Amino acid sequence: MPIDVDIREHEFLGPLLKEARQEARQEGRQEGRQEGELTILRRLIERRFGALPNWAAEKLAMLSPSGLEDLTDRVLDARSLDELLR
Amino acid sequence: MGDNVIAILARLRDDKKAVHRIVDRIAGLAAAERETALAQLTILAGLRHLWGTVEQETRKMPIDVDIREHEFLGPMFRAERQEGRQEGRQEGRQEGRQEGRHEGELTILRRLIEKRFGALPNWATEKLASLAASELEDLSVSVLDAKSVEELLT
């Protein structure tokens, strides 16, 4: 049955929807943050040490945002991928 | 009653008043007729973007008709809500992801640049914050070769 109504304007569906959207936005933000940090770091590490071997890519992908941020402080001084990630 | 609904919805300009009048009349009907009339009204209201108004008016109805409890309007109503929630969640997640991505890239780059060149001057912070994701990604490579913040960011 085609009920053509904008649910976002609806008296009590609207707020429910907004809430779900807000929640999802937070989740998305966390995911995105991790992705963004990883993107920058990967590029930098590859530039310094060449293409990443699998073990290194996996290790990187497992790190939390705070782990990635710690790594950032060491990436400029590390002399090898091993030193940086192991 | 059905003709009444069509006539009123098609003719009147004040939708809210029209819906109110119809719901008022529906309230006076016997239970079986009421269900039918209400269903007709809901369908027509859907065609005219008046669903919210109908829902509001039926809630004010002197007798207790809750559209959410209705035999077949109820499930439809819930389906609509479910779908809306899912859409909202998907959109929200996308938005959040983009925002987060940008924040994450910015965090790492700032940290890197500060590590190399010391505390960032205001102009550099502002410049960084204004860059798009792809520009930030390009910077991540040049940060190694640049000899100063000025060289990197201007």
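**Close-up views of a predicted two-chain model**

**Figure 1. Contacts and helices within chain A of the predicted model.** Of the contacts in chain A between residues at least 6 apart in sequence, 50% link residues that are at least 24 apart. Chain A contains four helices and zero strands, giving the pattern α-α-α-α along the sequence. Of its 86 residues, 27% are classed as buried.

**Figure 2. Helix H3 of chain A, with its buried and exposed residues.** Leu68(A), Leu71(A), Thr72(A) and Val75(A) are the residues shown as buried in H3(A). Viewed down the axis of H3(A), the buried residues lie within an arc of 110°, and therefore they line one face of the helix. Ser66(A), Asp73(A) and Arg74(A), on the other side of H3(A), are exposed.

**Figure 3. The side of chain A that touches chain B.** The contact involves 42 residues from chain A and 42 residues from chain B. On the chain A side, H1 and H3 each contribute at least two residues. H1(A) provides the largest share of this side, with 27 residues. By residue class, the side of chain A that touches chain B comprises 16 nonpolar, ten polar and 16 charged residues.

**Figure 4. The largest nonpolar core, with residues from chain A and chain B.** This core has 19 residues, of which Ile40(A), Leu41(A), Ile108(B) and Leu109(B) touch the most other members. Two or more residues each are given to this core by helix H1 (13–49) and helix H3 (65–75) of chain A, and by helix H5 (73–117), helix H7 (133–142) and helix H8 (149–153) of chain B. In soluble globular proteins, nonpolar side chains tend to be buried together.

**Figure 5. Surroundings of Ile108(B).** Leaving aside residues up to four places away in sequence, Ile108(B) touches Glu37(A), Ile40(A), Leu41(A), Leu68(A), Glu69(A) and Thr72(A). Among these contacts, Ile40(A) and Leu41(A) are, like Ile108(B) and Leu109(B), the residues that touch the most other members of the largest nonpolar core. Another core, of ten residues, lies apart from it and includes Ile22(B), Ala37(B), Leu38(B) and Val54(B).

**Figure 6. Helices and contacts within chain B.** Chain B has eight helices and zero strands, and from the N terminus on its elements run α-α-α-α-α-α-α-α. Buried residues account for 27% of the 154 residues in chain B. Of the contacts in chain B between residues at least 6 apart in sequence, 57% connect residues at least 24 apart.

Methods
Residues are numbered from 1 along each chain as its sequence is written. Chains are lettered from A and ligands numbered from 1 in the order in which they are written. This is a predicted model: local features need pLDDT of at least 70, side-chain atom pairs count only at pLDDT 80 or more; totals for chains, interfaces and linings use all residues. A nonpolar core is a set of buried Ala, Val, Leu, Ile, Met, Phe, Trp, Tyr and Cys residues joined through C-beta atoms within 7 Å. A residue is buried if 20 or more other C-beta atoms lie within 10 Å of its own, exposed if 12 or fewer, and partly exposed in between; C-beta atoms are placed from the backbone. Two residues are in contact if their C-beta atoms, placed from the backbone, lie within 7 Å. The arc is that of the directions from the helix axis to the C-beta atoms. Ala, Val, Leu, Ile, Met, Phe, Trp, Tyr, Cys and Pro count as nonpolar, Asp, Glu, Lys and Arg as charged, and the others, Gly among them, as polar.
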